[in-house]
Amino acid sequence: MENELFYDKKTVWDSLTEEQESAMMDYAEGYKAFLDAGKTERDAVRYLTAKAEAKGFVPFTRGMAVKAGDKFYSVNRNKGIILTVIGKQPLSAGIHLTAAHLDAPRIDIRTVPLYEDSGMAMFKTHYYGGIKKYQWTTIPLELRGVVCVVTDEGVRSVDISIGAKPEDPVFVITDLLPHLAAEQMNKTMLKGIAAEQMNILIGSKPSKNEDEKTDRIKLAVLEFLNKTYGIKEEDFLSAELSCVPAFNARDIGFDRTLIGAYGHDDRVCSYPAATALLDLTETPEHTCMAVLVDKEEIGSDGVTGMQSRFFDTLVGDLCRAQDVLFDECIEHSVCLSADVCNAYDPNYPEVSERRNDARINCGLALVKYTGARGKSGASDATAELMARMRYCFNKAGITWQTGQLGKVDQGGGGTVAMFMANRNIDTVDAGVPVLSMHAPFECIAKVDLYMTYLGFGAFYNM
Ligand code: MN
Ligand code: MN
C-alpha cells in the first residue's frame, strides 16, 4: 500500500516525533484531571469556567463592545458553556465553531427517591442516556449534583459530591448471585436487569429516634443529610442528583498509550475543543467558538441542549455589537460537531466495517454522516466541506481518518451535527474513536486525543 494512488488509514505512531510524544503524554495528564473533576456537566462547566478565567476570558453580557482579540465565556444555567475568541474579521465572515457535549450516560436519582426495604435504605433511579443496564450493577458509584433548598428567605443551592475522595463511602446497585440467577441468565441482556431493579443501596443503620416505629433506616439517612447539608425529604423535589462511576481515569496498557475512564463520550472532544481555543496564541482571522452543551445523550432537547435558542441568542448579541446581520454570520459559519465515534473492535468484527470504521491510534476521525436505516436522522456533510477539512488537516500535518458507525443496518446513532446544520451552518462530525462507548469505563487512545487537539487548533485558525 505504498503507492500514492491508494488510500489507507495511517497510525499516528508512524509519524510521531519524540518531542510530540512527550507533549502528547503531558496533554493526556491534563485531560485525565478534567475527567476526574468533571463527571457531570455541572462539574465540567465549573472546571472549564475556572480554566477560561485563568486565560483572561470574561463573562459576556448583552451590550458589551465586541472587538478583535476579545475573549468571552457564557454559561447556560450551570450546565453548558460557550467559549468565544473574537477574530480579526467581522462576524459577517462567519464563526469557526466546535460543538461538543458535556453530559454522559449515568444513573439519575428520581424526584421522590428515598425509601426503606428489608433493612436497607435505597434510592429509586431513572437511567440517563443509552446504557447497557447490566454494566452499571456491582460497580462503585459516587453521588454528584445539586439540591435546591427552599427556605423562608428564598432558594439556596447545595452542591453534593460523595464518593470522589479515597476516604469517601460509595454507593452500589446490587445484582443477583449466580447461584439464584438461572432464570435471569436465560433472559436477553436487554431484559436481564430491569430499570426498576436499579435501586441504589445507600445505608442500613436505623435511627436512634425510637418514636418512629417504621422507616427508621430511611430516617437515619434523612438525619445525616439534614445534619450535613441542611436538607429534608421534600428538597429532593428540586434536586439534580446523579450516580456516576466512582473510579478515576487510568492509563491502560503496559505502554500507557490508552486511557480508561467514565465519560470519554464526549469529554474527549469537549476538552480539546475548549483547550485548543484557550491555547490560541494569536487573534484568529475568524471568530472562534467552542460550544459545549448538555442533553446530547437524550436528544439535544431542552433549554440546555443544542436545540436551545441559547446559542442563537448569544450569536445574535455578538452580531448586534458589531452591527452585523445574524443570518449572514450564520451562513458563513463552519462547525465541527465534535463527538466521539466507535473504534473498530476486533472482538466484534461482525458488526463493524473494516474499511470504514475508525481505528484506535489513527487520529482524529471525520464522520461524513451518522444516522440509521439509510442515513435517516443524519446531517450528511457536503463533499465540498469534507474537502475543505481534508485540506485544513493535511496542511497542518494532522493525522486524521474517517469513521462510520459499523455495518449498514447494524444500528445507528446521532450527534448535535444535524441541529447545527439545520441552522444553515456547514457541519461535519469530527472526534475521537472510543472502545466500549457508553460503558462505565470507556477507552480511548492518547494520540487520537492529541491529534484532535491539534486538529481543532488548525480548524480555529483555518
Ligand atoms: Mn457523544
Ligand atoms: Mn453518546
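**Exercise 1. Which residues coordinate the manganese ion (ligand 2), and through which atoms?**

Before starting, note that this is a predicted model, where local features need pLDDT of at least 70, side-chain atom pairs count only at pLDDT 80 or more, and totals for chains, interfaces and linings use all residues. Residues are numbered from 1 along each chain as its sequence is written, chains are lettered from A and ligands numbered from 1 in the order in which they are written, and side-chain values use heavy atoms, leaving out hydrogens and water.

*Solution.* Step 1: look for donors (N, O and S atoms within 2.8 Å of the metal, or 3.2 Å for Na, K and Ca; water is not among the atoms, so sites may look incomplete). Step 2: at 2.0 to 2.5 Å you will find Asp265 (OD), Glu297 (OE), Glu297 (OE) and His438 (NE2). Step 3: place them in the chain. Glu297 sits in the loop between strand E14 (287-293) and helix H7 (310-321), while His438 is in the loop between strand E20 (433-434) and strand E21 (442-445), 141 residues apart. Helices (H or I, at least four residues) and strands (E, at least two) are DSSP runs, numbered from the N terminus. Step 4: check burial; Glu297 and His438 are both buried, meaning under 20% relative accessible area, with exposed over 50% and partly exposed in between (1.4 Å probe, protein chains only).

**Exercise 2. Find the residue that bridges the two manganese ions.**

*Solution.* Step 1: list the protein donors of the manganese ion (ligand 1), which are His101 (NE2), Asp265 (OD), Asp339 (OD) and Asp339 (OD), at 2.1 to 2.5 Å. Step 2: compare with the other site; Asp265 coordinates both ions, which are 3.4 Å apart. Step 3: locate the remaining donors. His101 belongs to strand E4 (residues 95-101) and Asp339 to the loop between strand E15 (334-338) and strand E16 (341-342), 238 residues apart. Both His101 and Asp339 are buried.

**Exercise 3. Work out which parts of the chain the salt bridge between Lys446 and Asp251 ties together.**

*Solution.* Step 1: apply the cut-off, a side-chain nitrogen of Lys or Arg within 4 Å of a carboxyl oxygen of Asp or Glu. The Lys446 and Asp251 side chains meet at 3.0 Å, N to O. Step 2: Lys446 lies in helix H11 (residues 446-460) and Asp251 in strand E12 (residues 250-252), so the bridge ties together parts 195 residues apart in sequence. Step 3: with a relative accessible area of 1%, Lys446 is buried. For context, the whole structure holds 28 salt bridges.
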